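Work through the exercises below with the model open beside you. Try each task before you read its solution.

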Amino acid sequence: MNVLDAADLTVRYGGSVALRDATLAVGAGRLVAVAGANGAGKSTLVNACAGWSRGHASIAGDVRLDGRSVARLAAYRRARLGIQCVPEGKNVFGELTVEENFALVPAVPREAGRHVFSREDVLGLFPRLHERRTHKGSALSGGERQMLAIGRALLAGPRILLLDEPSVGLAPRLIFDVLTVVRRLVDDGLAVLLVEQNVSAALDVADELYLIERGRIVGHGDAAAMRQDERIAQAYLGGLAEVEP
Amino acid sequence: MNVAQQLVNGLVIGSGFACVALGWTILLGAARLVNFAHGQMYMLAAFICWFALTRWGLDFTAAAVVAVLAMGVLGILMQSAMSQLVVSQNLTSLMIVTLGFGYMIQGAAGLGFGGSPHALASPADKVQYQIGGIWFTGQDLIIVTVTLALYAGVWLLLNRTRQGAMVRAIAEDPKLAQIFGINTWLVYVAVFMLEAVLVAIAAVLVAPKTPILTSMGFEEVIMTFVVVVLGGVGNVGGALVAGLALGIFTAFFGALVSPAYTTAASFAVLLAFLTLRPEGFSFR
Ligand SMILES: Nc1ncnc2c1ncn2[C@@H]1O[C@H](COP(=O)(O)OP(=O)(O)OP(=O)(O)O)[C@@H](O)[C@H]1O
Ligand SMILES: [Mg+2]
C-alpha cells in the first residue's frame with residue numbers, strides 16, 4: 001500500500017485552474033520528484049496534498065494517507081497525522097528562535113508508520129542548527145532556514161515528507177548536503193515527495209519522477225527509465241544542461 | 001503640592017491604565033486582532049460583579065470571580081461568532097463587528113441593570129494606610145500588586161511557554177502555523193478569552209474607585225489606546241512602562257493644571273511622543 005495517494009486533484013485560485021486532475025502516489029522508502037517549469041503547478045500539487053495554500057484555494061479530489069482519506073481534514077489535522085510539508089518561501093517563524101520553532105511541534109503519538117526523530121537526531125543531521133539554537137529564525141541564513149524547516153518537519157514524526165524546492169537559493173555544496181540527507185532518510189524507509197525545478201538534479205536523487213506542465217501531469221516513470229527517454233532528454237535535460245554553469 | 005503623594009497617586013492611576021490595557025495589548029500585539037467592545041466588556045464585568053455583590057449577597061472576592069468567569073465565557077462566545085473573520089484576519093470587519101458587539105452589550109446591560117449610577121463597593125477601598133504622610137487605600141495596594149503580577153505572568157506565558165510561542169507564531173504567520181500542526185482557531189479563542197478575563201480583572205480592581213454606569217464604556221478605557229500605542233503596539237513590557245508613566249503624568253497634570261483636561265493632555269503627549277519616537281518605548 002502507498003503512503004500517499006492523491007487522486008484527481010483539481011485546484012482553483014479564484015476562477016483560474018492551477019491544477020487539473022492530478023493523480024500521484026508515493027510508496028514507503030520512495031523518493032518521488034515533481035518537476036516542471038515556473039508556474040507549472042508543482043507547489044499547488046504538493047500543497048493540495050497537505051490541504052494547504054498561502055492564498056485562498058479550492059481543492060477538489062481525494063488524498064489518502066496510508067489508505068485513509070484525509071481530503072476533508074484541515075491542514076493542521078493532516079500535519080498532525082504525519083503529512084509534513086515544507087513549503088517554498090517562508091517556512092519558519094522569524095520571530096521565534098530555533099529552539100522555539102522546534103518547541104511548536106506537537107508531541108508525536110506512538111503509532112505504526114510514523115518516522116520518529118528526536119531532537120538529537122535532527123541536530124545530528126544538521127549540526128549548524130545546534131550552534132544557532134538561540135538565534136531567531138530571521139537571523140538565519142537561507143540554508144540554515146531550510147535546515148530548520150526540514151528539521152522541524154522531521155521532529156513532527158512524518159509518515160511522508162513534502163519538500164517544495166528545498167534547494168532553491170542554496171550553494172551547490174549545500175544542495176548536495178540537503179539532498180544527501182533526504183536520500184538517507186528515504187533509504188531508512190521514509191516516503192518523500194520532492195519538488196525540483198531542475199529535472200536533471202531531480203533525476204539524480206529520485207526513484208520516480210512526475211513531469212508537470214501548465215497544471216497537468218504530462219509524464220511519469222522510474223527515474224532510470226526517464227533518464228533514457230529521448231523526448232525527455234530533448235525537452236528538459238538538454239535545454240537545462242546548457243543553462244547550467 | 002505633596003510630590004511623594006502625587007507619585008503614589010500616579011502609580012495607582014497608571015497601574016489601572018496598564019491593567020485595563022493588558023488584554024488589548026496581547027490581543028493586538030500577539031494575535032493581531034482588535035476588539036472595540038473592550039470598554040463595554042469592562043462595564044459589563046463591573047456590573048456583573050456589582051449584581052453578584054448586591055443581589056446575590058456574595059462577598060467581593062466571590063463576586064469578582066463570578067464576573068471574571070462570566071466574561072471568559074462571553075469572550076469565547078464572541079470569538080466563536082467572529083471566527084470566520086478572525087481566521088481570515090479581516091481587521092476592518094472585526095473593528096466594525098466588535099464595535100457592534102460593544103453597543104449590543106451596552107444595550108443589554110442598560111435593559112438588565114438600568115440607567116442609574118451605582119457604587120461597586122469593595123471592602124479594601126475602605127481600608128486606609130498612611131506611611132510617612134502618604135495616604136493610600138487597600139484597593140490602591142491591590143491594584144498595583146495585581147497589575148504587576150499580571151504583567152509578569154503574561155510576559156512569562158508569552159515568552160517562556162510553548163503556548164506563548166504558539167501565540168507569537170500565529171501573530172507572525174497564521175497560515176504557516178497550520179503547517180506546524182497548530183489549530184489556529186483554538187489559539188484565537190484562547191487569546192480572546194484571555195483578553196476578556198483580563199479586562200474583567202481590571203474592571204473589578206479599578207471600577208470600585210468611581211461610580212459605575214451602564215453607559216460608561218469607551219471613555220473608561222480610552223487610555224488603553226494611548227498605553228498600547230505609547231508602549232509600542234503589542235509590547236507587553238512597553239505597555240506597563242507606558243501605563244505607569246501616563247498615570248504619573250496624569251496625577252501631576254491634575255494637581256498642577258486641571259484634572260478636567262488630563263485625557264486631552266495625554267493625547268497631546270502621545271502625539272508629541274509619536275512624532276519624536278515612532279516606535280514607542282520599544283524594549284524588543
Ligand atoms: N495564491 C495564489 N493565488 C492565485 N494564483 C496562484 C496562487 N498560487 C499560485 N498561483 C498560480 O497557479 C499557477 C501554479 O503556481 P505554482 O506556485 O503551483 O507553480 P510552481 O510550479 O510551484 O512554480 P515555481 O517553480 O515558480 O515555484 C501559477 O500560474 C500561479 O500564478
Ligand atoms: Mg513552486
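**Exercise 1.** Which strands of chain A does helix α1 (residues 42-50) of chain A lie across, and at about what angle does the helix run to β1(A)?

Solution. Start with the ground rules. This is a predicted model, where local features need pLDDT of at least 70, side-chain atom pairs count only at pLDDT 80 or more, and totals for chains, interfaces and linings use all residues. Residues are numbered from 1 along each chain as its sequence is written, chains are lettered from A and ligands numbered from 1 in the order in which they are written, and side-chain values use heavy atoms, with hydrogens and water left out.

Step 1: find the elements. Helices (H or I, at least four residues) and strands (E, at least two) are DSSP runs, numbered from the N terminus.

Step 2: look for contact, meaning heavy atoms within 4.5 Å. Helix α1(A) lies across β1 (4-13), β2 and β4 of chain A.

Step 3: read the angle. Axes are lines fitted to C-alpha atoms, for helices over the stretch in contact, and angles run from 0 to 180 degrees between N-to-C directions. Helix α1(A) runs at about 115 degrees to β1(A).

Step 4: turn to the other strands. Helix α1(A) also lies across β3, β6, β7 (160-164), β8 (191-195) and β9 of chain A. To β7(A), the helix runs at about 150 degrees.

**Exercise 2.** Trace the two open sheets of chain A.

Solution. Step 1: apply the pairing rule. Two strands pair if DSSP finds at least two bridges between them.

Step 2: take the sheet of 4 strands. The order is β2-β1-β4-β5 in chain A, and the pairing is antiparallel. The edges are β2 (16-26) and β5 (68-69), each of which pairs on one side only. Strand β4 (residues 58-65) of chain A pairs with β5(A) over 2 bridges. There, A:Arg64 has A:Ser69 as its bridge partner.

Step 3: take the sheet of 6 strands. The order is β6-β7-β8-β3-β9-β10 in chain A, with mixed pairing. Here β6 and β10 of chain A are the edge strands. From one strand to the next, the twist averages 15 degrees.

Step 4: check one pair. Strand β9 (residues 208-213) of chain A and β10(A) run antiparallel, joined by 6 bridges. A:Leu209 stands opposite A:Gly221.

**Exercise 3.** How many residues between β1(B) and β2(B) complete the hairpin?

Solution. Step 1: locate the strands. In chain B, β1 (residues 128-131) and β2 (residues 134-137) pair in the antiparallel sense over 4 bridges.

Step 2: match residues. B:Tyr129 stands opposite B:Phe136, and B:Ile131 has B:Ile134 as its bridge partner.

Step 3: read the turn. The hairpin has 2 residues between its strands. In the turn, B:Gly132 has a positive phi of about 55 degrees.

**Exercise 4.** Describe the interface of chain A and chain B.

Solution. Step 1: count residues. In chain A, 25 residues are in contact with 18 residues of chain B.

Step 2: give the area. Buried area is the accessible area (1.4 Å probe) that two parts lose on being put together, summed over both. The value is about 2,000 Å², and carbon and sulfur atoms give 58% of it. A:Tyr76, A:Phe93 and A:Leu104 supply 32% of the area that chain A buries against chain B, more than any other three residues.

Step 3: find the salt bridges (a side-chain nitrogen of Lys or Arg within 4 Å of a carboxyl oxygen of Asp or Glu). The interface has 4 salt bridges. One of them joins A:Glu100 and B:Arg168, with the closest N and O atoms 2.8 Å apart.

**Exercise 5.** Which residue forms a salt bridge with A:Arg30?

Solution. Step 1: name the partner. It is A:Asp222, with the closest N and O atoms 3.4 Å apart.

Step 2: place both ends. A:Arg30 is in the loop between β2 and β3 (31-35) of chain A, and A:Asp222 is in strand β10 (residues 216-222). The two are 192 residues apart.
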